[in-house]
Amino acid sequence: MPNADPEISPYLRDLNPGQLEAVEALDGPVLVLAGAGTGKTRTLTARIAHILCTGRAWPSQILAVTFTNKAAAEMRERVERTVPMQIGSFPWLGTFHAISARILREHSERAGRKPNFTILDSDDQTRLLKQVITASGIDEKKWPARQLSATIDRWKNQCWLPSDVPASQRRSFEGRVVDLYQEYQQRLEILNSVDFGDLILLVVELLRQDEELLAGYQRRFKYILVDEYQDINTAQYAWLRLFAQGRSNICCVGDEDQSIYGWRGADVGNILAFDRHFDGVTVVRLEQNYRSTRHILAVAGAVIGNNRNRLGKELWTDLPGGEKVQLIGHWDGKAEASWIGSEIEALVSAVGSRRRYKFSDMAVLVRASFLMREIEDRFLALGLPYVVIGGARFYERKEIRDALAYFRLVVSSADDLAFERIVNTPRRAVGEKAQLTIRNLARQEGVSLLAAAGRLLADGAFTGRTAIGLNGFIGDIECWSELLRRGEMGHLDLAEQIIDGSGLPQMWLRMKTPEGDGRVENLKELVRSLREFDSIQGFLEHVSLVFDNLQEAEGDRVSIMTLHAAKGLEYPVIFLPAWEEGIFPSARTLEQEGPAGLEEERRLAYVGITRAREICTISCAGNRNQYGSWNAQLHSRFIDELPREELEMLAPPGIMASPFGNGAKSAGKPGSRFDGSASKPAGGYGAPGFRRLVSRAAERSAGAARREVEPAKAAAHVEYASGVRVFHQKFGYGQVRSQEGDKLVVEFECSGTKHIIASYVSLADGSEG
Ligand code: ATP
Ligand code: MG
């Protein structure tokens, strides 16, 4: 019940008793532990307003930590709207990283830096680590820099300086991993730089070593507030604890059911142990959800109810039931994207009984960023304005732009911008100096950079690793251009060969992190997207139009983001595509983390559903192109956990029966527009994808997680005569030199001599067996 007392300040009036208690308990530690949409963030904001209005502190005396810059901006804005007076700025309202950077700049000398220190991004970090590894004489191929970077990040999240690393973790990099860490820290200091992990770590170190400084901050920060406390890691906890030891006026809000950053070192134990970490804690629990309709809440509650490792809490709402959560299975990812596009069009034109929505009322939340490409392409085709939150749009991503540059240079050897972008990506020892030499000659002679590089190489202007690197690069580009010109090889095979030969996937794979894997998936997705075009040139033309479109989309836009980036946000309409085994829950998480990983994935599902206020749509596809091949997908086990009575099961347009059983309505509701491409009627209910969806339980018990749709290549033994021309998916055309059993030695036109398995090549067209 909101408080009706007219005397009470407006910012308190709308709060329920629990929220009010958390706002008014200004002295001592407070923990608000409550489910999604119960008003935790709103309580924090009201608390800041209350602190200011009661004259307890100035904005500059409030330390308020949020998880993203977007959340910080929203909080600042909300307080400014609530508080009746001019309050000035909040210098200490921001993310852990932003606040730490500010503190470090104030005391940079004590952390061995100048005030204008730079913050390295992960690319710079890896480059520096590579130098450190090479200088130490360790083989960087065996012990890649990206692995070291992941290790050091992990240690920094743990708040470990080199001396803190336990003996059991010191073995990698020939037993010298800690020396490398130490050396890296020294280089950072010489370069007047820090990395992201350092921002937290160095502040902790600084404050631990300087009692006076710490006491100064403890005096300054009269009130500390932290949102999304369930996701803080050990270093962030140490950081907070230092500040909070002063007055202990710390208020943290969070939801253990929404802890989704375990893979980045977040420790949900921090929120569960809050009352042991601080003395005299007031714990407030909130149970009323103000965000979502009853059906949405019931579905979210049922899913998270399957997690064992939780405190368990029931949420309720007095909002109306609203629409049931929609569940729909599609033929493939393309049909799914097409359906989402059509739904959005219908929602903005207010067809049927629904109210009119704006584009900005809607969000599509995906488990992995590679899933965005198909949706983005559909939106572009329909002209739907959209924005990708918390990341670059598909074609703007670094790995994609690098790959596009390879295609461009193959298509046009005069594309100097493309040349500059990739001549040393991945690194091939063509540094700044060599590039300058190339640029100078190109300018003098009026030729392309590629031509200039070729001439310089022929004249012996480069030696050693630079010469080898450049020679390989030019050779590859010329070979691919030649293949393109001849037009014998399909454009998909050629694209795959280019991506593979570019070394880009290998570069990202070496990272051995989810981010690196994600980038490789994006590259595969890029190759896949070429299927929709007749040629690489046609594809590049499409992409340049995409870039044109991207620039103008401002204002009212649909949001696309990962589930991780959606934390704390809410939208009237939410689309949750690709609920398929292997994707969601992610196979990688299950492999690496086991049952705990499954629970984290389920929390992610809970976060996704609870972002929706009015309409929530969950979907999956029976076929999806992933890792470069078509897979028959099994629908996510989370779909089985959705309570049927809260669902409206839709059959995909053009398919009469539901993949999930009986009783599905056709998705072609009156007024919604489905174009023919949304379905492949030939598939229908009996098509392999859907049959699999239905017989999923049986499949799972047989231990099959995912099946290839394409039958495996018959491994019949074929004899190849010497000199016969063959074709290999990856290496292109070549001549057989010899054969021993099922092993062939083939001299490929572009890739040199290789030993390969006979069943992987086919006779080139026109060759005689
Ligand atoms: P999450 O766990 O997703 O971060 P939260 O607990 O932080 O959610 P809020 O975002 O603060 O929840 O609130 C959810 C919605 O409910 C917001 O639209 C907010 O304005 C509204 N709300 C919160 N408390 C109340 C209240 N007492 N009366 C009316 N609306 C409220
Ligand atoms: Mg919140």
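Let's start with Glu570, which is partly exposed, with a relative accessible area of 38%. Keep in mind that this is a predicted model. What does the side chain of Glu570 meet in a salt bridge? The partner is Arg613, at 3.7 Å from N to O. The pair links distant parts of the chain: Glu570 sits in the loop between strand 12 and strand 13, and Arg613 in strand 14, residues 612-626, with their positions 43 residues apart. Arg613 is partly exposed too, at 33% relative accessibility.

Now stay in that loop and look at Lys567. Here the salt bridge is with Asp231, and the closest N and O atoms are 2.6 Å apart. Asp231 comes from the loop between strand 6 (223-226) and helix 11 (234-244), while Lys567 is in the loop between strand 12 (558-562) and strand 13 (571-576), so this pair ties together parts that are 336 residues apart in sequence. Is Asp231 buried or exposed? Buried, with a relative accessible area of 2%. Lys567 counts as buried as well, at 9%.

For a local example, turn to helix 21, residues 464-486. Arg486 and Glu482 are 4 residues apart in this helix, which means about one helical turn separates them. They form a salt bridge, with the closest N and O atoms 3.3 Å apart. Both ends are partly exposed: Arg486 has a relative accessible area of 38%, and Glu482 comes in at 31%.

How many salt bridges are there by this rule? The count comes to 41.

On to the sheet, then. Please find the 6 strands that form an open sheet, in the order 3-2-6-7-1-8, with parallel pairing. Which strands stand at the edges? Those are strand 3 (93-95) and strand 8 (282-284); each has a single partner strand, so one side of each is left without a neighbour in the sheet. From one strand to the next, the twist averages 15°.

At the strand 8 edge, the pairing with strand 1, residues 30-33, is parallel and runs over 3 bridges. If you want a residue to click on, try Val30, whose bridge partner in strand 8 is Thr282. Helix 2, residues 17-24, packs on the sheet there, touching strand 1 and strand 8, and its direction makes about 150° with that of strand 8. Helix 5, residues 96-106, also packs on the sheet, but it touches strand 2 (62-66) and strand 3, and its direction makes about 110° with that of strand 3.

Methods: Residues numbered from 1 in each chain as written. Chains lettered and ligands numbered in written order. Predicted model: local features only at pLDDT ≥ 70, side-chain atom pairs only at ≥ 80, totals over all residues. Heavy atoms only, no water. Salt bridge = Lys/Arg side-chain N within 4 Å of Asp/Glu carboxyl O. Helix = DSSP H or I, 4+ residues; strand = E, 2+ residues; numbered from the N terminus. Buried < 20%, exposed > 50% of the residue type's maximum accessible area, 1.4 Å probe, protein only. Pairing = 2+ DSSP bridges. Axes fitted to C-alpha atoms, helices over the stretch in contact; angles between N-to-C directions. Contact = heavy atoms within 4.5 Å.
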